[in-house]
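Reader: I have a new model open and would like to go through it piece by piece. Can you start with how the parts are named?

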Amino acid sequence: MTRSMQESPVGTLLRDWRQRRRLSQLELALAADSSARHLSCVETGKAQPSRAMVLKLCDVLEVPLRERNTLLLAGGFAPEYRESSLDDAHLAAARAALDTMLTAHEPYPAVAVDRYWNVVATNRAMGLFSNEVDEQLMERPNVYRLALHPGPPDAATHMINHGQVRELLLERLLQQVRATGDPILRALYDEVSQYPVPAHTEPDPGPPTPFAVPLRIATPVGELRMFSTMVTFGAPSDVTLAELAIELFYPMDEFTADTLRTLFTVTGGSGQI
């Protein structure tokens, strides 16, 4: 009998997640209050795990909710986690919180993204980042495509330290690919990593900051310097909510803060220069 015939789908998937997390069978078994022998039998298809066992292993392995449903289905169980639209009544409170957070952050830019870094919602100040962007990129905006696409060579508004930001973003995306094994994220990484690097000369590092790679944007009114934080919902039980993240941009100096406030007021909230 071949190896593929011996292995059960759920056992194969659990083994893949264990190896992705770099755990031995013994380490995983101890963390899940099980035995290495039982776990070995599960991975090889000699034993079928219970629904509770699948969920316990998923918890220890920090498997995302979407993949937990996949594992449950592979084990012959119904999915545990609902996947809703942000417009569903089920997520009304979360959507209201999201809208409040984005609006309250103005005049500074903020964007909400899904698991694949597709833009779900923005506040009005994000117009700062849509200047001189290819219209095709804006049809289905994706943060990685917008950030790493070189854009017009003579663009008045552009990222000064594109090379530094590119290296940071690609490393972050690659870590996400390795952590999830998601083929869509892998395809996104393969695409954006092939984008040509703009000819803009990388700037001097400038004075030290608490952030290794600040975001530096050249504009007709001067250089804007920002950093960002990522916010997620705590303890989500819905796949959509679990995969949602909000990136909030903050000014690093008074010039940037004053400029963003002025732009937001003068442009009627669009933030565009």
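Author: Helices and strands here are DSSP runs, at least four residues for a helix and at least two for a strand, numbered from the N terminus. With that naming, Ala-212 sits in the loop between α11 and β4. Keep in mind that this is a predicted model.

Reader: Fine. Is Ala-212 buried or exposed?

Author: Ala-212 counts as exposed because its relative accessibility is 77%, and the cut-off for exposed is over 50%.

Reader: And how far is Ala-212 from Gln-164, C-alpha to C-alpha?

Author: Their C-alpha atoms are separated by 9.3 Å, although the two residues are 48 apart along the chain.

Reader: Let me zoom out. How many helices and strands are there?

Author: The protein has 13 helices and 6 strands. It is 273 residues in total, and 41% of them count as buried.

Reader: Back to β4, then. How many of its residues are buried?

Author: β4 covers residues 215-219, and 5 of its 5 residues are buried. Leu-215, Ile-217 and Thr-219 point one way, while Arg-216 and Ala-218 point the other way.

Reader: Why the split?

Author: Side chains in a regular strand alternate between the two faces of the sheet.

Reader: Which strands does β4 pair with?

Author: There is β3, residues 158-159, which pairs with β4 in the antiparallel sense over 2 bridges. In that pairing His-158 stands opposite Ala-218. There is also β5, residues 222-232, antiparallel to β4 and joined to it by 5 bridges. Here Arg-216 stands opposite Arg-225.

Reader: What lies between β4 and β5?

Author: 2 residues; the two strands form a hairpin.

Reader: Changing topic. What is in the largest nonpolar core?

Author: That core has 31 residues, and those with the most contacts inside it are Trp-117, Tyr-144, Leu-148, Leu-173, Val-192, Leu-215 and Met-226. Several elements supply at least two residues each, including α9, α11, β4 and β6. The element that gives the most is α10, with 6 residues.

Reader: Is there another core, and what is in it?

Author: Another core lies apart from it, with 18 residues, among them Ala-29, Ala-32, Val-63 and Leu-71.

Reader: Going back to Tyr-144, what does it touch?

Author: Leaving out residues up to four places away in sequence, Tyr-144 touches Trp-117, His-149, Leu-169, Leu-170, Arg-172, Leu-173, Leu-188 and Val-192.

Reader: Now pockets. What is the volume of the second largest one?

Author: About 540 Å³. It is lined by 22 residues, of which Pro-64, Gln-176, Thr-180, Ala-242 and Glu-243 are the closest to its centre. α10, β5 and α12 each give two or more residues to the lining. The most come from α10, which gives 4.

Reader: What is the lining made of?

Author: The lining divides into 13 nonpolar, 4 polar and 5 charged residues.

Reader: Last topic, backbone oddities. Where is the cis peptide bond?

Author: It joins Glu-106 and Pro-107, with omega about 15°. Pro-107 is in the loop between α7 and β1.

Reader: Which residues have a positive phi without being glycine?

Author: Asp-33 is one of them, with phi about 55°, and Glu-62 is another, with phi near 55°. Asp-33 lies in the loop between α3 and α4, and Glu-62 in the loop between α5 and α6.

Reader: Are those two buried or exposed?

Author: Asp-33 is exposed, with a relative accessible area of 68%. Glu-62 counts as exposed at 60% relative accessibility.

Conventions: Residues are numbered from 1 along each chain as its sequence is written. This is a predicted model: local features need pLDDT of at least 70, side-chain atom pairs count only at pLDDT 80 or more; totals for chains, interfaces and linings use all residues. Side-chain values use heavy atoms; hydrogens and water are left out. Buried means under 20% relative accessible area, exposed over 50%, partly exposed in between (1.4 Å probe, protein chains only). Two strands pair if DSSP finds at least two bridges between them. On a 1 Å grid over the protein atoms alone, a cavity is a set of points where a 1.4 Å probe fits but cannot get out, and a pocket is an open set with protein on both sides within 12 Å along at least five of seven lines; lining residues have an atom within 4 Å of a point. Grid points are joined across faces, edges and corners, and a volume is the space filled by probe spheres set on the points. Ala, Val, Leu, Ile, Met, Phe, Trp, Tyr, Cys and Pro count as nonpolar, Asp, Glu, Lys and Arg as charged, and the others, Gly among them, as polar. A nonpolar core is a set of buried Ala, Val, Leu, Ile, Met, Phe, Trp, Tyr and Cys residues joined through side-chain atoms within 4.5 Å. Contact means heavy atoms within 4.5 Å.
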